[in-house]
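Work through the exercises below with the sequence and the 3D view at hand. Try each task before reading its solution.

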Amino acid sequence: MVRKHVIVSGRVQGVFFRDTCRQNAVAQGVTGWVRNLPDGDVEAVFEGPEDHVTRMVDWAHQGPPAAAVTKVAVRDEEPERLSGFEVLPTPRA
């Protein structure tokens with residue numbers, strides 16, 4: 001079990017990034033969450049088997065077809081044993 005915290009930059013809001021991310025995570029059996037950030041980035045946490053989480057991080061470098069990802073920052077974190085995969089609201093700036 002691993003956990004990756006990612007920040008995705010580029011044209012990643014308004015392109016169905018969050019919903020597509022959720023669909024892919026559920027299909028991979030990955031738990032966690034995704035949300036838009038006030039600065040235009042998208043933030044996500046992926047937890048699960050290492051190969052499944054790696055596939056999600058790889059996907060984040062591309063995103064859905066309308067996205068134009070320019071940067072993905074990835075940080076390892078301690079797994080929290082989350083359940084399900086949620087789209088969270090944008091935090092207040």
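## Exercise 1: The nonpolar core

The largest nonpolar core of this predicted model has 20 residues, and those with the most contacts inside it are V6, V8, F17, C21, F46 and M56.

**Task.** Find which elements give two or more residues to this core, and which element gives the largest share.

**Solution.**
1. Strand 1, helix 1, strand 3 and helix 2 (50-60) each give two or more residues to the core.
2. Helix 2 gives the largest share, five residues.
3. Take V6 as an example of a core residue with many contacts. Leaving aside neighbours within four places in sequence, V6 is in contact with V42, E43, A44, F46, V57, V72, A73 and V74.

## Exercise 2: The sheet

**Task.** Give the order of the strands in the open sheet, and state which strands stand at the edges.

**Solution.**
1. The sheet has five strands in the order 4-1-3-2-5, and the pairing is mixed.
2. Strand 4 (68-77) and strand 5 (85-87) each have a single partner strand, so they stand at the edges and one side of each has no neighbour in the sheet.
3. On average, neighbouring strands are turned by 15° against each other, direction ignored.
4. Helix 1 (residues 17-28) packs on this sheet and touches strand 1 (2-11), strand 2, strand 3 (42-48), strand 4 and strand 5. The direction of helix 1 makes about 175° with that of strand 5.

## Exercise 3: Pairing of strands

**Task.** For strand 1 with strand 3, strand 2 with strand 3, and strand 2 with strand 5, decide whether the pair is parallel or antiparallel.

**Solution.**
1. Strand 1 and strand 3 are antiparallel and are joined by seven bridges. In this pair, I7 stands opposite E43 of strand 3.
2. Strand 2 and strand 3 are also joined in the antiparallel sense, over six bridges. Here N36 stands opposite V42 of strand 3.
3. The hairpin of strand 2 and strand 3 has five residues between the strands, and G40 takes a positive phi near 100° there.
4. Strand 2 (residues 31-36) and strand 5 run parallel, with three bridges between them. V34 stands opposite V87 in strand 5.

## Exercise 4: Burial in strand 3

**Task.** How many of the residues of strand 3 are buried, and which residues lie on each side?

**Solution.**
1. Seven of the seven residues of strand 3 are buried.
2. On one side are V42, A44, F46 and G48.
3. On the other side are E43, V45 and E47.
4. Both faces of strand 3 are therefore covered, since the residues on either side are all buried.

## Exercise 5: Salt bridges

**Task.** The model has eight salt bridges. For R3 with E80, K4 with D76, and D51 with R55, say where the partners lie and how exposed they are.

**Solution.**
1. In the bridge between R3 and E80, the closest N and O atoms are 3.6 Å apart. R3 lies in strand 1 and E80 in the loop between strand 4 and strand 5, so this pair ties together parts that are 77 residues apart in sequence.
2. R3 has 6% relative accessibility and counts as buried, whereas E80 is exposed at 53%.
3. K4 and D76 form a salt bridge with the closest N and O atoms 2.3 Å apart. Because K4 is in strand 1 and D76 in strand 4, the pair links parts 72 residues apart in sequence.
4. K4 is partly exposed, with a relative accessible area of 21%, and D76 is exposed at 57%.
5. D51 and R55 meet at 3.9 Å, N to O. Both lie in helix 2, four residues apart, about one turn of the helix.
6. D51 is partly exposed at 44%, and R55 is partly exposed at 39%.
7. R3 also belongs to a network of salt bridges that links R3, E47, R75, E77 and E80.

## Exercise 6: A serine in strand 1

**Task.** Is S9 buried or exposed, and which side chain does S9 join in a polar contact?

**Solution.**
1. S9 is found in strand 1.
2. The relative accessibility of S9 is 15%. Buried means under 20%, so S9 counts as buried.
3. The side chains of S9 and D41 are joined by a polar contact of 3.1 Å.
4. Not counting residues up to four places away in sequence, S9 touches D41, A68, V69, T70 and K71.

Key. Residues numbered from 1 in each chain as written. Predicted model: local features only at pLDDT ≥ 70, side-chain atom pairs only at ≥ 80, totals over all residues. Heavy atoms only, no water. Pairing = 2+ DSSP bridges. Axes fitted to C-alpha atoms, helices over the stretch in contact; angles between N-to-C directions. Contact = heavy atoms within 4.5 Å. Core = buried A, V, L, I, M, F, W, Y, C linked by side-chain atoms within 4.5 Å. Buried < 20%, exposed > 50% of the residue type's maximum accessible area, 1.4 Å probe, protein only. Salt bridge = Lys/Arg side-chain N within 4 Å of Asp/Glu carboxyl O. Polar contact = N/O pair within 3.5 Å; in protein donor to acceptor, adjacent residues only side chain to side chain.
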